[in-house]
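Me: I have a protein model open and would like to walk through it slowly. Could you help me read it?

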Amino acid sequence: MGRHRADQGGWIWAGAALLVLLGTAGTAWADHVSDEGEVVAENVWFAGTDLSGMISGQAAGRVAQREEEVLSNEIGIDTGEARIVLPAGELGFGYDHEAALDAILSTRHRGGPLDELADFLSGPFRPETVGDFVTFDEEAAFSRLSHDPRMVLQEPVEPTITLEAGELVVTAGVPGRRIDLRQLTSRLASVDIASGPTAVDAGQGSIPPTVSDEAAAIAAGRVNSVTEGGAEILVGTANVWISGPQLREHITAEPAAGTVRVGFDTTAFRERLERLLPEPVAPFQPPQFDIDGGAVEVVATGEIPPVCCDGQSVRQAVDSLMAGAAGPYRVEPRPSEDPRHVAWAMGTDVKEEVAEFTTRHGCCEARVTNIHRIADIVRGAYLLPGETISLNEYVGPRTRAKGFVAAGAI
């Protein structure tokens, strides 16, 4: 009887323990089910950390920390000549924070009820690890790299047009070299940035000049052609000849939109014309003045001497020349801006009589009449600064129509 009671007591304690165990397990299971999406299940690891029992906010903080770690991992881009190092976050890589947090919180809650129960029961004995959720945007990587000047290893050299021995000639362009961005971004897509800093080899490609040698040759040939015969420039009553090689000295050429933009330095060309034609280039009216008792009086102001050249008309003449129009090319004069010429026209530089000459002669001789006539013609003649006068040319032919009489000599 005593042994039987003892055996019954053991079973009672064992049954009670089992009931307690089942109750605890049931409570744990109920908690597990109710905590889904709010608390991390037991023995769930992420990025080397056991997140068991963490509430969602704490788990989100660990995910954010991991995101920063992963995206700050450096990627070395080997160009063959140098290594360019950039953080993964600048090369199109991203981190799906929400997906990682959802995976952490849903671990051991997946599948049907039996699957979830099995995961729950094995939790203390079998750890589950949640991996990283790294993303890669190839177009974002391409855009970022395309704006990095280090991707260009050598800039292309455009063909140039220069003047040699009076002719415009072309020096061929040279292709440049750059990283092949499509190949590089394709290789980046297979890089595991979650494992730490890494490196990737970059292939190279060529960069053609924006202007082809053929386009440059066509432009140079056309300019050589239209300037071949030189140009006669008419300014007022003056003219000057500019040879083809001289015209080409003022040509400019720049690459633009796949072709060569040919220009003409009209400012330098105008200065050239003004050096060749420094004197007044058309008739002009001098001021009128009189001398009374040695005092000078300006009776009427004159015209400012016209000189070469009006800028707008120079541009128009050049446009005609470059368009292939036949010459000669008319350029308009402009009023001189030389202060001496302006003062001359106003008569303000005439201050006083500076010299006179008197010759004695008998009255009423024919030659004396002619001397008086010459004096009348030259009276009031007014020279530009630096100008000289020929009395013979200024008076001109001595004819009866001009008031001269026959005489043995003048």
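**Reading the fold**

Reply: Happily, and a good place to begin is with the contacts in the protein between residues at least 6 apart in sequence, of which 65% join residues at least 24 apart. Please keep in mind throughout that this is a predicted model.

Me: ok, how many helices and strands does the protein have?
Reply: The protein has 13 helices and 22 strands.

Me: and what share of the residues is buried?
Reply: Of the 410 residues in the protein, 33% are buried.

Me: let's pick one spot. Where does Thr 227 sit?
Reply: Thr 227 belongs to the loop that runs between helix H7 (213–226) and strand S14 (231–235).

Me: is Thr 227 buried or exposed, and why?
Reply: Thr 227 counts as buried because its relative accessibility is 0%, and the cut-off for being buried is under 20%.

Me: what does its side chain do in there? I mean Thr 227 and its polar contact with another side chain.
Reply: The side chain of Thr 227 makes a polar contact with the side chain of Arg 248, at 2.8 Å. In addition, a polar atom of the Thr 227 side chain lies 2.7 Å from the backbone oxygen of Val 223. If you leave aside the neighbours within four places in sequence, Thr 227 is in contact with Gly 244, Leu 247 and Arg 248.

Me: now the strand after that loop. In what order do the strands of the sheet with S14 come?
Reply: The order is S15-S14-S21, an open sheet of 3 strands with mixed pairing. Its edge strands are S15 (238–242) and S21 (329–331), each of which pairs on one side only. On average, neighbouring strands of this sheet are turned by 25° against each other, if direction is ignored.

Me: how many bridges join S14 to S15?
Reply: S14 and S15 are joined by 5 bridges and run antiparallel. Among the paired residues, Val 235 stands opposite Ala 238 in S15, while Glu 232 has Trp 241 in S15 as its bridge partner. The two strands form a hairpin with 2 residues between them, and Gly 236 in the turn has a positive phi of about 60°.

Me: and on the other side, which way does S21 run relative to S14, parallel or antiparallel?
Reply: S14 and S21 run parallel, joined by 3 bridges, and one example is Leu 234, whose bridge partner in S21 is Arg 330.

Me: which helices lie across this sheet?
Reply: Helix H9 (residues 266–276) lies across S14 and S15, running at about 120° to S15, whereas helix H10 (residues 311–322) lies across S14 and S21, running at about 170° to S21. S14 itself is mostly covered, with 4 of its 5 residues buried.

Me: back to that turn. What comes within 5.1 Å of Gly 236, going by C-alpha atoms?
Reply: The C-alpha atoms of Gly 236 and Ala 282 are separated by 5.1 Å, although these residues are 46 residues apart along the chain. Ala 282 lies in the loop between H9 and strand S18 (288–292). Beyond its neighbours within four places in sequence, Ala 282 is in contact with Gly 236, Thr 237 and Pro 306.

Me: new topic, helix pairs. At what angle do H2 and H3 cross?
Reply: The axes of helix H2 (residues 56–72) and helix H3 (residues 97–106) cross at roughly 135° and come within 10 Å. The two helices are therefore oblique to each other, and H2 passes H3 in a right-handed crossing. The residues making the contact include Ala 60 and Val 63 of H2 together with Leu 101 and Ile 104 of H3.

Me: why give both an angle and a distance?
Reply: Two packed helices are described by the angle between their axes and the distance between the axes, so both values are quoted.

Me: last one, what about the sheet in the order S4-S3-S12, how is it paired?
Reply: The pairing in that open sheet of 3 strands is mixed, and the edge strands are S4 (83–87) and S12 (198–201). Strand S3 (residues 74–78) pairs with S12 in the parallel sense over 4 bridges, and within that pair Ile 75 has Thr 198 as its bridge partner. Helix H6 (residues 181–188) lies across S3 and S12, running at about 145° to S12.

Terms used
Residues numbered from 1 in each chain as written. Predicted model: local features only at pLDDT ≥ 70, side-chain atom pairs only at ≥ 80, totals over all residues. Heavy atoms only, no water. Buried < 20%, exposed > 50% of the residue type's maximum accessible area, 1.4 Å probe, protein only. Polar contact = N/O pair within 3.5 Å; in protein donor to acceptor, adjacent residues only side chain to side chain. Contact = heavy atoms within 4.5 Å. Pairing = 2+ DSSP bridges. Axes fitted to C-alpha atoms, helices over the stretch in contact; angles between N-to-C directions. Parallel < 35°, antiparallel > 145°, perpendicular 65-115°, else oblique. Left-handed = near helix turned anticlockwise from the far one by under 90°.
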